[in-house]
Amino acid sequence: MKRMRWLALVAVLALVAAACGDTEGGDDTTTTADGGPTTTAATDGTTTSVDAETPFEGLALDSGGCDYGGKIASIEATAETEVVFTLCSEDPAFLAKLAFIPFAVQPAEHLEATGGSPLENPVGTGPFVLDEWSRGSEIVYSANQDYWGEVPAFDTLVFRWRDSSTARITELTSGNADFITNLAASDYATIEGDANLQLLVDENPNVFYVGFNNLFPPFDDVRVRQAIAMGVDRQRIIDTFYPEGSAVADYFTPCIIENACEGEPFYEFDPEGARALLAEAGFPDGFETTIKLRDVFRVYLPEPVAVAEDIRAQLAENLGIEAEVIVMESGAFIEENASGQQEGIHLLGWGADYPHVTNFLDFHFGGGNPQFGEMSPDIVDTLAEGARTVDPAAAQPIYEQANNLIREFVPMFPVAWGAAADAALATVENAAVAPVGAPQFATMNPGDGDFVFVQNAEPISLFCADETDGESLSACEQALEGLYGYGPNGEVIPKLATECAPDDTGLVWTCALREGVTFHDGSTFDANDVVTSWSVGLDASHPLHVGNTGAFEYFSYLWGALINAE
Amino acid sequence: MIGYILRRLLIAIPVLIGVLVVVFLLLRLVPGEPCTAILGERASPEACERFNAANGLNEPVYVQLAIYAGSAITGDFGESIRFSRPVSQIIIERLPVTLELAGAALTAAVVVGIPLGIAAARRHNTGVDVAAMTFANVGVSMPIFWLGLLLAYLFAVVLLGTPLALPPSGTLSPGSRPLPFFEVWGVELSDGFLANLAEFVSNMTITNTLISAQWSIFWDGVRHMILPAVTLATIPIAIIARMTRSSLLDVLGREYIRTARAKGAGERRVIRRHALRNAMLPVVTIIGLQLGGLLGGAVLTETVFGLAGVGTALFEAITARDFPIIQGFTFVIAATYVIVNLLVDISYGYLDPRVRLE
């Protein structure tokens, strides 16, 4: 009898164990009927994906068509290491945009854990790991010893900020900093005269131009616009107001960008020819107008009011045009300009968001910008053709034609490509400034101790999907990476992708992802992290579309529109 | 006395409400939109529309004011538009830095300014008087930013490598991170007033490291504080010295001072026991006003020395049109002024028993 009871007990235990499906542990396991992913629910309440035994379940972002006005139709994780971007129209700048740091990838789990708002604690794959952000004082990073690329040669990187060039130089000369940014032009000589320091010229692509709205007379006459373009000595402006490394802009787009400087260069300084043109247009003695600007320092226009006064003097001297210089509040100036309401002459410029000719030409002359009045349909059509041509070699003659058309139509005339400069201690090895993006500290070496970098201002947040200020982007670039990035000469290079290649239509880009990459929190990078990071930024209805301001301005601006935006 | 204090506090309420309303309305008159200041000048009208809606900026001004005032009364100054963080949290981070700087500067001003004024008064019309007043006049007319840059250059660059070298910026050396005093003490704090107060105190670098005996960081903090404190103290030193001198000269000419001297009291006793206390009344008023001025006027010093205090927070917020931060910090500065003035008034009763606060 006793033996029978034991047998019954053993049989019951065996049945219970079989029913549980696991005789070893306490986990509760379910398997999908279609052989799909197996999810194990551990007794501690956490869930773990059992990837090794199951096929990858890829996430996808589908806009449901292209009627929403944006450029991305869908993004799909087709395999653990493959993501497919389907575009609404061809985009030759796709890779250049992809490399921009707002499109960096973070772990899907981290974005969920932070409610789509990892403002102070981003998790990336970059060469530096964020240690601490002491608000108001500094950001401290340590070298990522598990970095998939070359591990930095030093252990600690410190970001600090001072708002004046003089203060930053004091930091450098006192040994408190190894590398500082944004020198004032008047400080170049100080750096060059000190053997302990090195001046690093920054060839960031930008342009300063003098623009006209052709809806307002007399600028509705192309001869007037051309006369002014020929009547201003641009070299004099460069020599007087711009720092070393700046140059007269012969084209709108700086030549560091592919296909930028095709076609005829802009008009040479020719006051006699300009006066003749003006007389032909009916203004032999000139006319009265205004020069509007904002008094805001930019690399492309370091001394706005002084430059405006010089242009005013040149117009009076060379062409008999009497212009009144009007300095406007920055926001009001931009608003009036962008709405097409600005009469007279305006002074403005552009700094590259990403290194591609479309970033310069399409925004200004692609037909959607009323700042110059009515754009020539020929220019609009030519740029539209360029924007459909993915192959740079095939695009070359198109941009040659576009530049020539812009030169003929003269919606503006380019004046200067401004140069900026950074500085470093002479002991810093490989110190350099990349023309696009932040300084690449991972490739430098301070020699001994920590590497201290001083920039203009404190970052607003470190969730750069939803930031636009250069200081935030600069800090993000040290810890975060996207599928592509910018190389030391501004070239677009693969980062988390090994390659993104278009199909024959130019609409479908397949990105092969780098394998074996881990995030700073130890999790493994895969295609779903890419889709989630992009969905958070691009899909306004995504539950994690939170960010800092919630605007995700670069997603909206560079990819046409946000999906599901109200 | 208690009744007096209560009455003064009641009077402060309309003053603070006035500050709140005036600052709120003035900010709406300033040209420039928060949207373009924060999202960048390339922000689309649609993006700005969404931004304004999310931040309540598309409501009529009087509605915005009513919403803000309702929250501010409960001590909730809202969230920074730029940082998406509670303004009260930013005050907890920034105000301690300014308080510590102002405290150090005021201490230096009192310790130097009063003896300087006394010395000038005692040796009236001598070389000491002329030298002290020349120093005071130079100090009061010295542009703070210029003096700050000069001192930073002198002590951080020219004297680099000598024992006199001092750091040009920040509260601590790069990468130096003190532990909060309560962690050193092993005290665990949950959320609430005490936790906020502890965090507030721990953000005063020198105080925090002093009470938690983190000596190397403490001395690092002191070294970083010297130049900004000296810079900020220059004008108060000059003002206090001049006021002390003139007030003391006035008192020293009174008949009871002559009587004290006639009775054989020594000069030191005459100054200390009979003259100084009576001469202190206007000096205390000036010191009180200076403290308020130091809190609100540390903008330049904090900017020159890269200190993350109230001044730099306000400056950055004004640039970015971050209304909640500007409103919150202005309110705190105004409240500090009110409290300091109250303390000055109370001190009158102690210094001069003839003053009846009732």
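**Exercise 1. The contact between the chains**

How many residues does the contact take from chain B and from chain A? Determine also which elements of chain B supply its side and how the residues of that side divide by type.

*Solution.* The model is predicted, and the steps below treat it as such.

Step 1. Count each side: chain B contributes 38 residues and chain A contributes 38 residues.

Step 2. Assign the side of chain B that touches chain A to its elements. Those giving two or more residues are helix H2 (34-39), helix H3 (45-54), H5, helix H7 (144-158) and helix H14 (299-304) of chain B. H7(B) provides the largest share, five residues.

Step 3. Classify the residues on this side of chain B: 19 are nonpolar, 11 polar and eight charged.

**Exercise 2. Confidence in chain A**

State the average pLDDT of chain A, and identify where pLDDT stays under 50.

*Solution.* Step 1. The average pLDDT of chain A is 89, and 91% of the residues score at least 70.

Step 2. Over residues 1-51 of chain A, pLDDT stays under 50. For this stretch the model has 29 contacts beyond four places in sequence.

Step 3. Predicted coordinates should not be read in detail where pLDDT is low.

**Exercise 3. The mixed sheet of chain A**

Establish the strand order of the six-stranded sheet in chain A and describe the neighbours of S16(A).

*Solution.* Step 1. The sheet is open, with the order S13-S17-S12-S16-S14-S15 (chain A) and mixed pairing. Strand S13 (247-248) and strand S15 (322-328) of chain A are the edges, each pairing on one side only.

Step 2. Take strand S16 (residues 345-351) of chain A, in which six of the seven residues are buried. Strand S12 (residues 206-212) of chain A runs antiparallel to S16(A) and is joined to it by seven bridges; within this pair, Val210(A) has Leu347(A) as its bridge partner.

Step 3. Strand S14 (residues 288-294) of chain A pairs with S16(A) in the parallel sense over two bridges, and Ile291(A) stands opposite Ile345(A).

Step 4. S12(A) also pairs with strand S17 (residues 412-417) of chain A, in the antiparallel sense and over four bridges. Here Phe208(A) is bridged to Ala416(A).

Step 5. Add the helix: H7 (residues 234-241) of chain A lies across S13 and S17 of chain A, at about 35° to S17(A).

**Exercise 4. The antiparallel sheet of chain A**

Give the order and edges of the five-stranded sheet in chain A, and locate the helix that lies across S4, S5, S6 and S23.

*Solution.* Step 1. The order is S4-S5-S6-S23-S22 (chain A), in an open sheet with antiparallel pairing. Its edge strands are S4 (60-62) and S22 (497-502) of chain A, and the twist averages 15° from one strand to the next.

Step 2. Six bridges connect strand S5 (residues 72-79) with strand S6 (residues 82-87) of chain A; in this pair, Ser74(A) is partnered with Thr86(A).

Step 3. The helix is H15 (residues 527-538) of chain A, which runs at about 160° to S5(A).

**Exercise 5. The largest nonpolar core**

Which residues of the largest nonpolar core touch the most other members?

*Solution.* Step 1. Among 252 core residues, they are Val83(A), Ala416(A), Ala423(A), Phe453(A), Ala105(B) and Ile240(B).

Step 2. By element, helix H5 (residues 87-122) of chain B gives the most, with 18 residues.

Step 3. Beyond four places in sequence, Val83(A) touches residues including Ile75(A), Ala77(A), Leu513(A), Ala527(A) and Val531(A).

Key:
Residues numbered from 1 in each chain as written. Chains lettered and ligands numbered in written order. Predicted model: local features only at pLDDT ≥ 70, side-chain atom pairs only at ≥ 80, totals over all residues. Core = buried A, V, L, I, M, F, W, Y, C linked by C-beta atoms within 7 Å. Buried ≥ 20, exposed ≤ 12 C-beta atoms within 10 Å, placed from the backbone. Contact = placed C-beta atoms within 7 Å. Nonpolar A, V, L, I, M, F, W, Y, C, P; charged D, E, K, R; others polar. pLDDT = per-residue confidence, 0-100. Pairing = 2+ DSSP bridges. Axes fitted to C-alpha atoms, helices over the stretch in contact; angles between N-to-C directions.
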